[in-house]
Amino acid sequence: MQAAMPCFLMGNSPGTMALRGGTDADMAPPLDHTLMSFKPVAEKFGLKFDCQIGRRGYYPKGGGEVFVKVYPVKQVSSVVMMDPGNITRVYGRAFVAGVLPVRICHEMVENCERAIRQDFCDVPVKIEVVKEKNAIGNACGMIVCAETDTGCTFGSSILGKKGKPAHAVGKEAGEGLLNQLCHGGCVDDFVQDQIIIYMALAKGKSCVRCGPLTLHTETAIHIATQLTEAKFTVHKISASQTVIECEGIGLQNPNL
C-alpha cells in the first residue's frame, strides 16, 4: 500500500487496490494507524485516498482484506509542519476478536486512560470499545491517537499477546502515546519515514519537525534522494528533536 500510493498519484484516474494479509500484525503499526495518524498528514501533501476494511486479519494468521482507492493529483504540495501545538483530544479504539471477551477491552481502556492522565489530566479521552465480527483469528489490542490545535496527529498501537494481561496492554499503549508526544515533534515516529517520498516529489520546500531520526527514515531519505535527486537536509535540534527539510522536485502528473 505504501509503495503503490505514490505511483497511483500520477495516474489519469483513481487507482484501486485489493490487498490481502495482516491488518494487525506484530512489530508493525496496524492499518488503523495508517487511517488515523498517517492519513491526516498525507492529506496536507494533497494525497487523497479511501480505504474500506473488508475483513480484519490478525497476526500470525493474516487473511484480512482491504480495498483502497487513490485519487490522482496534478502535483504534490509541499508541507511545513513546525508547530506541534497543544493536545486537544485523545481518541482511539480497543478491540477483541474471536473467542476473547469484550471485558478485555474495558480493562485495556481503563489502564490506557490512566497512563495518559499522568501527563494530560484535562484532555478529553474517548476510546471506542469494539467486538470485531468479521475477522480471522483470536486477537486483542488497541490504538490511541492524539490530535493538536495545529492539526498534528500522533499514534500508538499495540497488539495483545498470549500471556500478556489486558491491563499491561492498555498501559503500554498509553505510555507509547506519551513517548510520541514528549519529543515535541509534529509527526510520530511511524509516520516520519512514510512522508519522505512525498516531500521528495512535492513542489517547493517542505519542513517537518519530528523526534530523533529513525533508521527507517534515514533509509527512506537515502533511497528517495537516489530516485528523485531531491535535496534533503536534516537539522539535529537536540537529542530528542530533528527538523527534516527537503527541496522537492515538483514532479507533475502528465496524465492530468
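## Strand β10 and its partners

Let's start with a pair of neighbours: strand β10 and strand β12 (residues 241-247) run antiparallel, joined by six bridges. Within this pairing, Cys-207 sits opposite Glu-245 of β12. Keep in mind that you are looking at a predicted model.

Strand β10 also pairs with strand β4 (residues 80-81), this time in the parallel sense and over two bridges. Here Met-81 stands opposite Val-208 of β10. How enclosed is β10 by the rest of the structure? The strand covers residues 205-210, and five of these six residues are buried, so β10 is largely enclosed.

## Helix α3

Now turn to helix α3, which takes in residues 103-117, 15 in total. From its first C-alpha to its last it reaches 21 Å, close to the 21 Å expected at 1.5 Å a residue.

Which residues of α3 are buried? They are Ile-104, Cys-105, Met-108, Val-109, Asn-111, Cys-112, Ala-115 and Ile-116. A general rule helps in reading such a list: an α-helix has 3.6 residues a turn, so residues three or four places apart point the same way. The cover over the buried residues of α3 includes the elements β5 (87-97), β6 (125-132), β8 (139-148) and α4 (166-182).

## Cysteines without a bond

How many disulfides does the structure hold? The count is zero. Two cysteines show the reason in their own cases.

Cys-105 counts as buried because its relative accessibility is 0%. Its closest cysteine sulfur belongs to Cys-140, and the distance of 7.6 Å is too far for a bond. Cys-121, at 53% relative accessibility, counts as exposed. For Cys-121 the closest cysteine sulfur is in Cys-112, 16 Å away, so this pair is too far apart for a bond.

Definitions and conventions:
Residues are numbered from 1 along each chain as its sequence is written. This is a predicted model: local features need pLDDT of at least 70, side-chain atom pairs count only at pLDDT 80 or more; totals for chains, interfaces and linings use all residues. Side-chain values use heavy atoms; hydrogens and water are left out. Buried means under 20% relative accessible area, exposed over 50%, partly exposed in between (1.4 Å probe, protein chains only). Helices (H or I, at least four residues) and strands (E, at least two) are DSSP runs, numbered from the N terminus. Two strands pair if DSSP finds at least two bridges between them. The expected span of a helix is 1.5 Å times one less than its number of residues. Contact means heavy atoms within 4.5 Å. A disulfide is a pair of cysteine sulfur atoms within 2.5 Å.
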